[in-house]
Each structure stands twice: as structure tokens, then as C-alpha cells.
Amino acid sequence: MRDVRYGCQSMTGKIEAVLIKGPAEAFISQEHLGEKWEAFGFLSCPDYEEALREYGAFERLLRDEVPHVVSLPRDDRTGLDSLYAHDGLKVTERGAIYFNTGKALRRGEGRAARDVLESLGIPTLGVIEEPGTMEGGDVVWLDRETVAIGRGYRTNDAAIEQFRALTDGFVRETVVVPLPHGEGEAACLHLMSLVSLVDRDLAVVYSRYLPVFFRRMLLDRGLTLLEVDDEEYASLGSNVLALAPRVCLVLEGNPRIRAELEAQGCRVVAYEGKQISLAGTGGPTCLTHPLLRI
């Protein structure tokens with residue numbers, strides 16, 4: 001596939017093209033998983049064959065909803081976390097920005113994705129350089145000209161300033177959202193762990209970790225906030241991918257937030273993800289990187 005259309009300054013527009021990477025390319029083998037899972041901070045060692053099965057079902061659901069799916073190949077510059085294709089970059093209407101990830105073991109993911117996206121005709125807008133660190137899960141578009149960026153252990157002030165400079169002229173406002181210590185420096189806590197927009201006026205949130213000013217900002221923007229409880233936050237219930245407005249992809253095992261979404265008129269599709277999501281704490285937004293939303 002050549003000359004892919006791109007542009008994704010939205011969290012809720014219909015996904016027309018998406019970037020993914022499967023476990024065959026990221027996990028490689030059961031032996032490789034056994035050697036690496038602890039170093040990468042996974043909660044448990046995934047079962048490789050089960051991960052392939054789960055991901056096959058996940059990908060079929062995705063392809064039913066998204067016209068163009070681009071798969072990243074195996075790349076020696078990347079590791080187990082590259083399954084979570086969202087974090088190494090962000091695609092804007094003017095091209096891709098590649099990130100210097102806060103997690104050192106993920107530093108090659110942006111470079112690997114750049115090779116693929118440039119081959120598809122998606123231009124490079126810029127690269128976040130040292131001392132800046134940034135991950136895609138901390139970058140949330142509130143609208144086409146407004147972006148919220150989580151400042152925590154994975155994304156720092158230097159990177160936010162670089163992102164501001166790269167998007168100057170087409171992003172009107174950058175809202176910096178301080179993130180809590182949470183479960184500690186080694187844990188994966190992104191802004192997208194705490195808020196998932198599913199329509200212009202609807203979001204799933206975990207308010208316990210949200211700064212008051214940002215929660216109030218969401219309310220002032222007219223959003224109804226669906227609250228995830230502690231139990232479903234632990235099982236990635238606040239990580240919801242909007243495939244289109246009010247069309248949601250969620251991880252199985254979160255019945256309360258699913259029921260709340262459906263009560264708001266959402267069509268909800270669920271996937272099994274014990275090996276591909278819970279083991280590595282990466283939900284559906286993490287497993288996908290939208291290239292084009294309309």
C-alpha cells in the first residue's frame with residue numbers, strides 16, 4: 001500500500017487507516033518472551049500461542065471496522081512493548097512526529113515506525129530529541145486545535161516544548177496535565193490511561209488520578225464523564241478505543257463501564273486480551289495507532 005492518507009488530530013473521528021504490530025513480530029517466540037518479559041516490566045509472561053490467538057481475533061474485529069490496516073514488521077530495534085504501536089509517534093495533519101520514549105527499552109520504536117510510514121508517503125514533521133522524552137499515550141487531542149499532554153515519568157517538559165514548537169501554527173492550545181506518581185516510576189501510566197474520549201461530548205475517565213483543573217475542563221467543554229471504578233481501572237476499563245463516534249472497542253472483563261457506554265447509545269465491541277493486554281498493561285488504544293480519522 002502506497003501513499004496512505006493521513007491526519008489524526010482527533011480521538012473520536014472514524015478511523016480510516018490504522019497502524020498495528022502483532023505478537024508474532026513483537027513477541028517473536030515463547031523462548032524470547034521467557035527471556036525478556038521481566039526486563040520489560042510485564043506483569044506476567046504471556047503465553048505465545050494464546051497471544052497469537054487473541055490477537056488474531058482482535059485484528060479481525062479491527063479490520064471489520066477500519067478500511068486500511070498497516071502492519072509493522074519485526075525489527076531488531078524494538079522489543080516486546082512494540083506490540084503497543086501507539087507510543088512511538090503521533091500523526092498530525094502535517095505529518096508524523098516521532099518520539100524519544102521515556103522508557104529506555106522502547107527508544108527504537110519511533111525509528112522503526114518512521115521507516116514504514118515514510119515508505120507509505122507519510123511525511124515526517126519532526127523528532128523529539130534528548131533531553132526530551134515523550135510517549136504517544138500521553139498525547140490526547142481534545143479537538144483539532146487543542147491537545148492535552150500528560151507530564152509524568154514518560155513525558156517531560158523538554159519534550160512538551162519541542163512538541164509545541166513542531167505544531168506551532170496549527171495547534172492553538174497545548175494543555176499540560178501533571179500525572180500522579182500512581183503505582184511508581186516503573187509502572188506504565190499515561191494520560192490515556194485516565195481518559196478515553198468516545199465522542200465529542202462523552203468520555204470514560206478514572207477521576208481518582210485526574211487533576212481537578214483538567215476534570216473541570218472536560219466538564220466545561222460539555223463532556224459527560226463515565227466513571228471507571230478501581231476494580232475496572234485495574235483491568236484497563238478506562239482504556240477505550242473510539243473506532244468512530246460512539247463506536248467503542250473495549251477489553252473484555254469490564255461489564256460496568258460497558259453497560260454505561262451502551263446506556264449512552266454506544267455500540268461496544270469487546271475482545272479477549274489476557275495475554276496481549278493485561279500481561280503488558282496495554283489496552284486497545286495502546287495496541288493501535290490511528291493514521292487517519294475523518
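**View 1. Ser 193 and its contacts in the predicted model.** Setting aside neighbours within four places in sequence, Ser 193 is in contact with three residues you can pick out here: Cys 188, Tyr 233 and Ser 238. The model shown in this and every other view is a predicted one. To find your way to Ser 193, look in the loop that links strand 8 (173-178) to strand 9 (195-199). Is Ser 193 buried or exposed? Its relative accessibility is 17%, and because buried means under 20%, Ser 193 counts as buried.

**View 2. An open sheet of three strands.** Here we move to a sheet whose strands come in the order 2-1-15. The sheet is open, and its pairing is mixed. Strand 2 (68-71) and strand 15 (289-293) are the edge strands, each of them pairing on one side only. On average, and with direction ignored, neighbouring strands of this sheet are turned by 20° against each other. As a reminder, strands of a sheet pair through backbone hydrogen bonds, in either a parallel or an antiparallel way.

**View 3. Strand 1 and its two partners.** Follow strand 1 (residues 15-20) and you will meet both kinds of pairing. With strand 2, strand 1 runs parallel, and four bridges join the two. With strand 15, strand 1 pairs in the antiparallel sense, over four bridges. Ala 17 makes a handy landmark for both pairings. Which residue of strand 2 is the bridge partner of Ala 17? That partner is His 68, while in strand 15 the bridge partner of Ala 17 is Leu 292.

**View 4. Cover around the sheet.** Helix 3 (residues 48-65) lies across strand 1 and strand 2. The helix runs at about 155° to strand 1. Turning to the edge strand 15, you will find it mostly covered, with five of its five residues buried.

**View 5. Stepping back to the whole chain.** To place the close-ups in context, this last view takes in the full chain, with its 10 helices and 15 strands. The C-alpha atoms fill a box of roughly 50 × 40 × 40 Å along the principal axes. The radius of gyration is 17 Å, which agrees with the value near 19 Å for a compact globule with 294 residues. Of the 294 residues, 58% are buried. Among contacts with a separation of 6 or more, 71% are between residues 24 or more positions apart. The accessible surface comes to about 12,100 Å², and 48% of this belongs to carbon and sulfur atoms.

Notes:
Residues numbered from 1 in each chain as written. Predicted model: local features only at pLDDT ≥ 70, side-chain atom pairs only at ≥ 80, totals over all residues. Heavy atoms only, no water. Pairing = 2+ DSSP bridges. Axes fitted to C-alpha atoms, helices over the stretch in contact; angles between N-to-C directions. Contact = heavy atoms within 4.5 Å. Buried < 20%, exposed > 50% of the residue type's maximum accessible area, 1.4 Å probe, protein only. Rg over C-alpha atoms; globule rule 2.2 N^0.38 Å. Areas by Shrake-Rupley, 256 points an atom, 1.4 Å probe, with all protein chains shown as cover.
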